[in-house]
Amino acid sequence: MAVTKVYREGQYLNGALPNREPSLPQKSPGQLPRKRPIERSAPRNTLKKAAAVFSLLMVTGIALLILMGYASINKDYSSLNEIKANVAETERYIDKLKREIEYDISNGDIEKAVSENDMCYPEDNRIIKVEP
């Protein structure tokens with residue numbers, strides 16, 4: 001432990017002379033050196049570090065949840081677009097089948113009427129061309 005000089009109106013306390021270094025207290029031969037008590041600021045720093053780690057983990061977790069949400073939305077949009085493409089293809093196929101059915105019905109009716117009335121295609125000399 002260091003001895004400090006205290007000045008008071010030109011006088012020295014403890015009887016020390018101005019040019020002489022203060023003497024350190026003498027320790028007895030069996031006595032261990034006295035240690036300065038350690039300041040316990042570790043819990044405060046540990047708490048700050050723990051709070052920083054916790055907040056970092058929270059931010060990372062929230063970011064991962066947001067990314068997982070976007071991935072899920074993207075997957076849903078992909079499947080929705082695939083379904084829309086299948087619906088459009090099916091609608092085109094249905095329209096094609098409707099046209100074929102209408103053609104078959106109209107041609108079938110005509111052929112049936114022709115066969116019932118013993119009709120045939122006209123010969124080339126019987127075709128008359130009308131010009132406007």
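A residue counts as partly exposed when its relative accessible area lies between the buried class, under 20%, and the exposed class, over 50%. Keep that in mind while looking at this predicted model.

Let's start with the whole thing. The protein chain contains 1 helix and 2 strands, and the order along the sequence is β-β-α. There are 132 residues in the protein chain, and 0% of them count as buried. About 13800 Å² of the protein chain is exposed, with carbon and sulfur atoms supplying 59% of that area.

Now for the surface. Which residues form a nonpolar patch there? The members are Phe-54, Met-58, Ile-62, Ile-66, Tyr-70, Ile-73, Tyr-77 and Leu-80, and together they have about 850 Å² of accessible area.

One of these patch members is Met-58, which sits in helix 1, the stretch covering residues 42-116. Is Met-58 buried, partly exposed or exposed? Met-58 is partly exposed because its relative accessibility is 42%, a value that falls between the 20% and 50% cut-offs.

Past the helix there's Asp-118, found in the segment after helix 1. Its phi is near 50°, which is a positive value in a residue other than glycine. Asp-118 counts as exposed because its relative accessible area is 70%, and the cut-off for that class is over 50%.

Here are the two residues together:

| Residue | Place | Relative accessible area | Class |
|---|---|---|---|
| Met-58 | helix 1 (residues 42-116) | 42% | partly exposed |
| Asp-118 | segment after helix 1 | 70% | exposed |

Note on methods
Residues numbered from 1 in each chain as written. Predicted model: local features only at pLDDT ≥ 70, side-chain atom pairs only at ≥ 80, totals over all residues. Heavy atoms only, no water. Patch = residues over 30% accessible without salt bridge, like charges linked within 9 Å, V, L, I, M, F, W, Y side chains within 5 Å. Areas by Shrake-Rupley, 256 points an atom, 1.4 Å probe, with all protein chains shown as cover. Salt bridge = Lys/Arg side-chain N within 4 Å of Asp/Glu carboxyl O. Helix = DSSP H or I, 4+ residues; strand = E, 2+ residues; numbered from the N terminus. Buried < 20%, exposed > 50% of the residue type's maximum accessible area, 1.4 Å probe, protein only.
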